[in-house]
Amino acid sequence: MDAVWLSPFYPSPQVDGGYDISDFCGVDPLLGTLDDLDALLRRAHELGLRVVVDLVPNHTSSAHPWFVEALAAGPGSPERDRYIFRDEPTDWVSVFGGSAWTQVPDGQWYLNLFDSAQPDLNWASPRVRADYDDVLRFWLDRGVDGFRIDVGHGLVKDLTFPSFPGSPLDSGSKQRAPYWDQEGVHDLHRRWRSLSDSYSPPARMLCGEVNVSVERAVRYVRPDELHQVFNWPFLMTPWDAVALRAVVDTSISAYGGVGAAPTWVFGNHDMLRMATRFGFAAGEAPRRVGPRSPQPDEALGLRRARAAALLMLALPGSAYVYQGDELGLGEHTTLADADRQDPAFARTAGEDLGRDGCRVPLPWEADAPNLGFGTGRPWLPQPEAYAALARDRQETDPTSVLALYTGALRLRRELDLGAGDLRWLSEPGAHVLAFDRGSVRVTANVGDADLELPPDAEVLLSSDPDVGRKVPSDTTVWWR
Ligand code: GLC
């Protein structure tokens, strides 16, 4: 690995897994202290790992002193101008369900695109801009190597407040939501780029959570904006050769066109885990899976997750792996309602099951209490199936998912697969994805029929370690 990205560890009431921050410049006592963070940075740097931290500029926690002051100061005050207050709500809908507006005791309403405990900041306010620069400086001074910018396509809102009753999650709608992908957001990314560049060397990097089409996303990685954005369309692509090839081609050409590296990602803390998603027929995976949903074919999902990992790690650009995917963990698909913590679950009366299923604490040691995840009761129960996938079990097994990832990452670095071109060997429309990465060839069998590599092929790595030069269905092989 080259770097780790830490999701928010800042002081927080933990209404939204730490994305409701009450102090942007501290560490939540639940997790440790600033000294611990400094030690972590030092140790990571000794190991040659960079550390990217989460920047959450779209909103604060309602417990943040800025919001407490805004409520106390009353309508029309400069304190209230830090947020988006109005006398009347609009028809905008929250990402977590329900209205995006919450009323306060004096009658005004504030905007919360996520939970009511996450009031949106007003990025039209020069004061917010200036104060937030200090947040970046605080962490850059401590030596962080960059930021992952939460809701990087949000932040700036159309303050004429046009009607938009549509779902904030519906990227297919004709009208762009008045709070996503607004032109003014690029000024913020430019501002943060020039600020973080002023700290180089060592080089600092910015990666945006930018949930828009590839065509729109490349505007965020123009030379004076972010370095990278997560490749959302890739993350949403089913295990289907035609769809995968199309998104790979579009991404390489679109990002290449602005001189940025494409990124590849199959999972994160908001999405169904890849081993579960791929356990449904292509295109049929539900958004969330709970005890009352159809259940995935776990063996198929794991097989495809292994093949998908080798496919992703062979692509040019930057690959992001969600913690636990390197162990082949599936979603906790049978979490009881009473255990769920995601605010989306309560705000939609259970219609959206929320994201808890992919956030279950990792299994480190198969035989230890809580599978080695600390001594206290974990905030979410771990499924029984996790014991067999514990890190200590996999470390000693050369056929494990962990061994596959470590082997692939080592080769990726040795062969410099993150750089260079991709040349297709397979035909468009085929059920196989075969391509040349210079020193290595990659064959991913996304179809049903077995394939065979040429007799003189030397297999470097296979997602199915038992099959030699055969490439059965749902298998990826690196060879030369
Ligand atoms: C991003 C985060 C998600 C969080 C939301 C609000 O989408 O990835 O976990 O709930 O922003 O901060």
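This section describes the ligand site, the salt bridges and the unusual backbone geometry of a predicted model.

The ligand is surrounded by 13 residues, of which D16, D150, E209, H269 and D270 come nearest. Classified by side chain, this shell comprises seven charged, four nonpolar and two polar residues. Polar side-chain atoms approach oxygen atoms of the ligand at several points: the distance is 2.6 Å for D16, 2.8 Å for H269 and 2.9 Å for H59. The accessible area that the ligand has on its own amounts to 300 Å², and 95% of this area is covered by the protein.

Two of the residues that come nearest to the ligand, D16 and D270, also take part in a network of salt bridges, in which they are linked with D342, R355 and R359. In total, the structure holds 39 salt bridges, and several of the pairs join parts of the chain that are distant in sequence, as the following cases show. D2 and R413 form a salt bridge in which the closest N and O atoms are 2.4 Å apart; D2 belongs to the segment before strand 1 (3–6), whereas R413 is part of helix 12 (residues 401–414), so that 411 residues separate the partners. Both ends of this pair are exposed, D2 with a relative accessible area of 52% and R413 with one of 55%.

A second pair is formed by R216 and D181, whose side chains meet in a salt bridge with an N to O distance of 2.7 Å. The two residues are 35 positions apart, R216 being placed in helix 5 (residues 214–217) and D181 in the loop between strand 6 (146–149) and helix 4 (185–197). Here the surroundings of the partners contrast, for R216 is partly exposed at 22% relative accessibility, while D181 is buried at 3%.

In a third pair, the side chains of D464 and R303 meet at 3.1 Å, N to O. This salt bridge connects the loop between strand 15 (459–462) and strand 16 (470–471), where D464 lies, to R303 in helix 9 (residues 298–312), the two residues being 161 apart. D464 is buried, with a relative accessible area of 11%, and R303 is partly exposed at 27%.

Side chains of opposite charge can pair when their charged atoms come close. D356, by contrast, is buried and has no salt bridge, the nearest side chain of opposite charge being that of R340 at 4.7 Å; because a salt bridge requires the nitrogen and the carboxyl oxygen to lie within 4 Å, this separation does not qualify. D356 is located in the loop between helix 10 (343–347) and helix 11 (391–395), and a polar atom of its side chain lies 2.8 Å from the backbone nitrogen of Q341.

Backbone geometry departs from the trans form at two successive peptide bonds: the bond between S200 and P201 is cis, with omega about -10°, and the bond between P201 and P202 is likewise cis, with omega about -5°. P201 lies in the loop between helix 4 and strand 7 (205–208), and P202 is placed in that loop as well.

Positive phi values occur at V151, where phi is near 50° in a residue other than glycine, and at L371, which is not a glycine either and has a phi of about 50°. V151 is found in the loop between strand 6 and helix 4 and is buried, with a relative accessible area of 4%. L371 is found in the loop between helix 10 and helix 11 and is buried as well, with a relative accessible area of 11%.

Note on methods. Residues numbered from 1 in each chain as written. Predicted model: local features only at pLDDT ≥ 70, side-chain atom pairs only at ≥ 80, totals over all residues. Heavy atoms only, no water. Near = heavy atom within 4 Å. Polar contact = N/O pair within 3.5 Å; in protein donor to acceptor, adjacent residues only side chain to side chain. Areas by Shrake-Rupley, 256 points an atom, 1.4 Å probe, with all protein chains shown as cover. Nonpolar A, V, L, I, M, F, W, Y, C, P; charged D, E, K, R; others polar. Helix = DSSP H or I, 4+ residues; strand = E, 2+ residues; numbered from the N terminus. Buried < 20%, exposed > 50% of the residue type's maximum accessible area, 1.4 Å probe, protein only. Lys, Arg positive; Asp, Glu negative; His and termini not counted.
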